[in-house]
Amino acid sequence: MVYAIVRAGGRQEKVSVGDLVTLDRVAGGAGSTIELPALLLVDGDKITSDAQTLASVKVTAEIVENLRGPKISIQKFKNKTGYKKRQGFRAELTTVKVTGIDA
């Protein structure tokens, strides 16, 4: 089994060919292709972590859709002072499908 650990949106994700991965928003529309930088490559019993060898590894993915994450409600309250603050947040996300890992 071949899989790679890639850097995606400030996080590390374990991916293999055919996986659907949700990342922070990536520029491009549905159907466009992106390349993710590999940090580790595992091919059966062979593990590659050398930076020079990983520079030639290409992990390609196709953008499936751009979406928004669930709404997160942020509320702050301090007792006896009248301080209340309410804020919301929705993350901009992209779902990608890994199409190839070329070593």
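Contact here means heavy atoms within 4.5 Å of each other. The structure is a predicted model, in which local features need pLDDT of at least 70, side-chain atom pairs count only at pLDDT 80 or more, and totals for chains, interfaces and linings use all residues. Residues are numbered from 1 along each chain as its sequence is written, and side-chain values use heavy atoms, with hydrogens and water left out.

A good place to start is Ile 34. Leaving aside neighbours within four places in sequence, Ile 34 is in contact with Val 26, Val 59, Thr 60, Ala 61, Ile 63 and Val 96. The largest nonpolar core (buried Ala, Val, Leu, Ile, Met, Phe, Trp, Tyr and Cys residues joined through side-chain atoms within 4.5 Å; buried means under 20% relative accessible area with a 1.4 Å probe, protein chains only) has 19 residues, of which Leu 23, Ile 34, Leu 36, Val 59 and Val 96 touch the most other members. Elements giving two or more residues to this core include strands S3 (20–24), S4 (33–36), S7 (58–68) and S10 (92–102); strands are DSSP runs (E, at least two residues), numbered from the N terminus.

These four strands form an open antiparallel sheet in the order S3-S10-S7-S4, where pairing requires at least two DSSP bridges between two strands. S3 and S4 stand at the edges with a single partner each, so one side of each lacks a neighbour in the sheet. Within the sheet, S7 and S10 pair over ten bridges, and Arg 68 stands opposite Glu 92 in S10.

A further open sheet of four strands, also antiparallel, runs S2-S1-S5-S6. Here S1 and S2 pair over five bridges, with Ala 4 opposite Val 15 in S2.

Technical notes:
Buried < 20%, exposed > 50% of the residue type's maximum accessible area, 1.4 Å probe, protein only.
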